[in-house]
Amino acid sequence: MSEVSIYGFGLALIVGFALPAMAAPLDEALKPLPAVPVLDAAKVELGRRLFNEPRLSVNNTLSCASCHRLETGGADDKPFSLGFDGKPVEINTPSVFNASLNFKQFWNGRVDTLEAQIEQVVISPVEMGSDWKTVVHNLTDLPLYQRAFSQAYPDGVTAANVQNALASYERTLLTPNSRFDQYLLGNTDILTTQEKYGYQRFKEYGCIACHQGINIGGNMFQKFGVMGDYFKARGNPIEADLGRYLLTQDEDDRHVFKVPSLRNVAVTAPYFHDASANTLAEAVDVMFKYQLGRNPSQEDKDLIIQFLKTLTGEWAGKPL
Amino acid sequence: MSFIRRHTSLLLLGLVALLLASTLTFLYLKSSRDQTASYTQSRDLIRQLQQLNAQWDSEVLKARIAITHNYDPLVTPLAEMTRLWADLNNRGTYHSLQDLARWQASHAAYQVAIQEKARLVDQFKSHNAVLRNSLAFLPTAEDDIQAEFNRIDGEGRLQLQGVASDTYDLLLSSLEFAQVTSDERAADILVGLGKLAINKERLPSDFQAPVEILSNHISLILREQPVVNTLLERIAAVPVAERLDDLTIHLDQDQQAADLSDDQYHRYLLIFSTLLVVVLVYLTVRLLRSFAEINRVNRALQAANETLEQRVERRTQQLKDAQSELLDSARQAGMAEIATNVLHNVGNVLNSVNISADIVTRKLRSSKALGLGKAMQLINEHRGDLGAFLTEHEKGKLLPDYLNQLVEAIAVEQQGMTDELAQLSKSVDHIKDIVSTQQSYAGASTLLEPVHISALMEDALRMNAGALSRHNVTVVKEYGQVPEIMADKHRLLLIMVNLISNAKYAMSNLSDRARQITLAVKQLEDNTVQISVKDDGEGIPAENMTRIFTHGFTTRKEGHGFGLHSCALAAVEMHGQLSAHSDGPGLGAVFTLTIPMTPAGSPL
């Protein structure tokens, strides 16, 4: 009994010191970011090295990090990243940060796992343009990798191990400690009144219908253009606009995309799969018009944008 | 024959026992596979899958009634189920070949179901999200419209009262439609929407926007509500739980089958172990019986052995007795032989004594001393005129010469008698010698004493001298230079006497040539002394060569077969060896005694 009370007291003490303003976590539809998983350090380190390894591409020009720049929100700032051949790809690069929290990968959610995502990007003829046999061969030629792989995996350098190492690394790429996360964890003073109003509007207007959960999005599909034909209004239809239709050939899946995460949304412009919105304001406008079918006041939009900016987390101890 | 049969049957029984034991091991291994645990674990996984599936269903319903906006709970059960499913697939469950096909079919059916359900849930999420959003928006939209109404003053407001109530009706219809989706209500809403579109035209322009928004959202509800409802029905219709039940039933059946076969294995185990026990018991009984049999035979053998030993002992005793008797008789015979020899020799010498005495007697009877008496008688007759008589008397004149001649004759006579008496005395000495020699060997002395081999040889010869001279045997002596040695004089003499006697006998039938014994004594280089007696008599046939030293062997009619045997024994007792050699019948034989040479005076 006394042990319990001492422990309880100690816990209270620690919590009290570490998080002075923390009350009970809030029960919201948006959930705080989970802790970074503890994975095999050897695999994570190998994945980190591979993430920056241009030998994954056919002409040794592109690494994962070429498009998924950790210092710029886990993606590049271009509308369309350049493939190994210098030509832009058809779709905007999503952030690698918190990607492990998405229920599926790619804009149209065509694969379930990070491993499968990696597998496709390496062999994509517009992205890395390589093939796994070559990649494994190239990596095996380097004693550094041979050693690192044999330390992390019993069967050494294989395609599956390369994918697993990269996925392991990517699972550690979470951006904790955003101000909104702190708010969700009970530190309600961390947000300004404006930001709290923004969150209020975010919920009231129904943004929360799709952008919710731990990743504030990334857990469902949604048609782009629920309340209006976005693509008609935009013009210049391209294949990527078809979304999940490309997978399922189901008319219901036309223009259906994975709802993207809003974490770090303030630093990952441009927005949407077609990179059509360069600013948060533009993106919010599009969302209101085609997804929510509402006509909010400018004040409400500004509040929402202020709220969205509280979703920016930290990487390597620094805010993104 | 019966032994071999028994042996074979035992071997067969052993083989049967071995066979049974290996069958039991096989059955044990077959039945001890931990199938039950595997089934339990698999069933446990399926139960977890079912729980997750149920949880998933309940989350879908929660999302349906808008308890939560968080759609993560609709994602996590599937992720967890995918993980468990992989776990289940990695688990090795035991299926027979035809069963495996059915199991895989059930697997595939589950996967089809779960994929369909996942697809439908994803669609549900999308449609439900927008539907809930619009439904949640309706009161707000109505409020917005009412606010617009309130801003319009009295008259216009009255004018638009119908529009307001229509809008309100439409709102209510939509909310009801959300609860009870029917084609009737859908038609009502459609009519309402049409009215609203007409009414809208009559409204001021800034009033039109909220009405249009409301109308859009109601259209969305009208569109999405049936979709969501259908999706829910289809989700509920996806037979994931049934497929999982199928798998469980399958596992149950498999386990029952496995249990049944286990049961069978156990029955077989029981039967075979019973058989094994029976065989082992039988073998044990057999073994015990043969053990008893062996014991019995052993005891009988032991008894027989004891009897035999007693008999052998008795027989040995008898033999010993016989031998000692024989030995006694042999000794007596030997002694008799020696005594005969001695008497023979003594007899011979007595003959000489007799002759000498005879000669002396005859010489005394015809002694010239008698003439001395006659001469004395003449002298006595002519005592008075002795001078005259001697000078004138015819007879008297011859007397001095006669006396002179007489003196000479008596002197010769005396010389002869002295010689003869010396001979006599020598003969008597000889007898004494023979007797004393015999006496000195009569005792069975085993004492070692200094011996001159050649002198001993002479003694032996002397003991046989009578016989040898009677048979005209020439003795050739080839005595080498041998020092005085320490030896058992009695045994040596016994051997020598025997060998000489044998040699003599061997030549007794010889008539065509002179009989000759060669006695040889020489010292060999290996510190032994070799004594050989060689004859040129009848020889020894090769077939007898090996038996001549055995007890009881003899070629003589009156022989007792003891001589050579005892000689050989004596030789061995002296640490020597007696051997015989013959070139064949009629070619004579050599007996050689070899004894170790221990020079006299050296330490024994």
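Is A:His68 buried or exposed? A:His68 counts as buried, because 23 C-beta neighbours lie inside 10 Å. The legends below describe close-up views of a predicted model.

**View 1. A:His68 sits in a loop of chain A.** This loop runs between helix H3 and helix H4 (114-123). The UniProt record, an unreviewed entry, lists A:His68 under "binding site", together with A:Cys64 and A:Cys67. Not counting residues up to four places away in sequence, A:His68 touches A:Gly74, A:Ala75, A:Thr93 and A:Val96.

**View 2. A:Cys67 belongs to helix H3 of chain A.** Helix H3 covers residues 64-67. A:Cys67 has 22 C-beta neighbours inside 10 Å, so A:Cys67 counts as buried; the cut-off for buried is 20 or more. Leaving aside neighbours within four places in sequence, the contacts of A:Cys67 are A:Ala75, A:Asp76, A:Ser81 and A:Thr93. A:Ala75 and A:Thr93 also appear in the view of A:His68, where they touch that residue.

**View 3. Four residues of chain A share a second "binding site" listing in UniProt.** They are A:Cys207, A:Cys210, A:His211 and A:Met287, and the entry is unreviewed. In sequence they are spread over 81 residues. In space they cluster: the largest C-alpha distance is 11.5 Å.

**View 4. A:Cys210 lies in the loop between helix H9 (193-204) and strand E1 of chain A.** Why does A:Cys210 count as buried? Because A:Cys210 has 28 C-beta neighbours inside 10 Å. Set aside the neighbours within four places in sequence, and A:Cys210 is in contact with A:Gly217, A:Met220, A:Gln222, A:Val259 and B:Ala129. One of these contacts, B:Ala129, is in chain B.

**View 5. A:His211 is in the loop between H9 and E1 of chain A.** A:His211 counts as buried, because 28 C-beta neighbours lie inside 10 Å. Which residues does A:His211 touch, not counting those up to four places away in sequence? They are A:Ile216, A:Gly217, A:Val259 and A:Leu262. A:Gly217 and A:Val259 are also among the contacts of A:Cys210.

**View 6. Chain A meets chain B.** Here 21 residues of chain A are in contact with 19 residues of chain B. On the chain A side, the largest share comes from strand E1 (residues 221-223), with three residues. What kinds of residue make up the side of chain A that touches chain B? That side divides into 11 nonpolar, seven polar and three charged residues.

Note on methods: Residues numbered from 1 in each chain as written. Chains lettered and ligands numbered in written order. Predicted model: local features only at pLDDT ≥ 70, side-chain atom pairs only at ≥ 80, totals over all residues. Contact = placed C-beta atoms within 7 Å. Helix = DSSP H or I, 4+ residues; strand = E, 2+ residues; numbered from the N terminus. Nonpolar A, V, L, I, M, F, W, Y, C, P; charged D, E, K, R; others polar. UniProt positions renumbered as here; feature names shortened; annotations may be inferred. Buried ≥ 20, exposed ≤ 12 C-beta atoms within 10 Å, placed from the backbone.
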